[in-house]
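Welcome, and please open the model in your viewer with the sequence panel beside it. We will go from stop to stop, selecting a few residues at a time.

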Amino acid sequence: MIFKLNFRGAILVAAAITGLVTLASPARADQCDDIAKQLASGVDRLKVNFKAANIIYLTHPAAKELSLGCRAQGQNYSNELYAKGDRKPTPQFYDLVASAAAIIFTVPKDDTAKGATRCLKRMGLLRGDKVSMRFKRLNMDCSRTKTEASIAITRPKDE
């Protein structure tokens, strides 16, 4: 038996299947943009400024600098929160860091608040101006200068 191939029908079926596949899988925004939107809606008075090279810059009255770093190829961490404030951080700064870290890393806010305050309060005469610690599977690096204190919170890629 000889089959006659209908090329128009085959092309039409292939185009229909391709159209269904593209419609079935919606376009996803970047994961980092999703986290930034969650931060803006979850933390009072937090605003998203702009994105440049996998870093989203944020603003808040309690922090001098605030940014969310997202994973790129070859980095050892998944996401990073960086916050800089006064040398003696205010309770609003601690609350901001705890709220943002809880949203970014999906950890309870109480745990992130405890870790951030421990890290920032350990800096001093005995331990120096740079403290690195690990708390609840989060790496916290705190440092201070004569006028500012900063904290960087990351989670390694494999956790």
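The tour below starts with the whole chain, moves through the helices and the core, and ends in the loops.

**Before you click**

This is a predicted model, in which local features need pLDDT of at least 70 and side-chain atom pairs count only at pLDDT 80 or more, while totals for chains, interfaces and linings use all residues. Residues are numbered from 1 along each chain as its sequence is written, and side-chain values use heavy atoms, with hydrogens and water left out.

**Stop 1: the whole chain**

Show the protein chain as a cartoon and you can find four helices and seven strands. Helices here are DSSP runs of H or I with at least four residues, strands are runs of E with at least two, and both are numbered from the N terminus. Following the sequence, the elements come in the pattern α-α-β-β-β-β-α-α-β-β-β.

Of the 159 residues, 36% count as buried. Buried means under 20% relative accessible area, exposed means over 50%, and partly exposed lies in between (1.4 Å probe, protein chains only). Among contacts with a separation of 6 or more, 42% join residues 24 or more positions apart; contact means heavy atoms within 4.5 Å.

**Stop 2: helix 3 against helix 4**

Now select residues 91–105, which are helix 3, and residues 109–122, which are helix 4. The two pack at an angle of about 130°, and their axes are 8 Å apart. Axes are lines fitted to C-alpha atoms, for helices over the stretch in contact, and angles run from 0 to 180 degrees between N-to-C directions. Helix 3 and helix 4 are therefore oblique to each other. On this scale, angles under 35 degrees are roughly parallel, over 145 roughly antiparallel, 65 to 115 roughly perpendicular, and the rest oblique.

The crossing of helix 3 with helix 4 is right-handed: the near helix is turned clockwise from the far one by less than a right angle, whereas anticlockwise would be left-handed. Show side chains to see who takes part: F93, Y94, D95, V97, A98, S99, A101 and A102 come from helix 3, and K109, T112, A113, A116, T117, L120 and K121 come from helix 4. By class, the residues of this contact are nine nonpolar, three polar and three charged. Ala, Val, Leu, Ile, Met, Phe, Trp, Tyr, Cys and Pro count as nonpolar, Asp, Glu, Lys and Arg as charged, and the others, Gly among them, as polar.

**Stop 3: helix 2 against helix 3**

Keep helix 3 and add helix 2, residues 31–42. Helix 2 and helix 3 pack at about 140°, with axes 10 Å apart, and their crossing is right-handed. On the helix 2 side pick I35, Q38, L39 and G42, which meet A100, I103 and I104 of helix 3. This contact has five nonpolar, two polar and no charged residues.

Stay on I35 for a moment. Is I35 buried or exposed? I35 is buried, because its relative accessible area is 8%. Beyond its neighbours within four places in sequence, I35 contacts L68, N79 and I104. You can also draw a distance from the C-alpha atom of I35 to that of C70: 35 residues apart along the chain, they are separated by 9.6 Å.

**Stop 4: the core**

Which residues touch the most other members of the largest nonpolar core? Select L39, L68, I151 and I153, out of 37 residues in that core. Helix 3 gives the most to this core, with eight residues. A nonpolar core is a set of buried Ala, Val, Leu, Ile, Met, Phe, Trp, Tyr and Cys residues joined through side-chain atoms within 4.5 Å.

Centre on L68 next. Setting aside neighbours within four places in sequence, L68 is in contact with C32, I35, A36, L39, N54, I55, I56, L58, E80 and I104.

**Stop 5: strand 7**

Move to S150 in strand 7, residues 148–156. S150 counts as buried because its relative accessibility is 8%. Not counting residues up to four places away in sequence, S150 touches Y82, A83, K84, L120, D141, C142 and S143.

**Stop 6: two loops**

Finish with N54, in the loop between strand 1 (47–52) and strand 2 (55–59). Its phi is near 65°, a positive value in a residue other than glycine, and N54 counts as partly exposed at 32% relative accessibility.

R137 sits in the loop between strand 5 (130–135) and strand 6 (138–144). Phi of R137 is near 65°, a positive value in a residue other than glycine, and R137 is partly exposed, with a relative accessible area of 47%.
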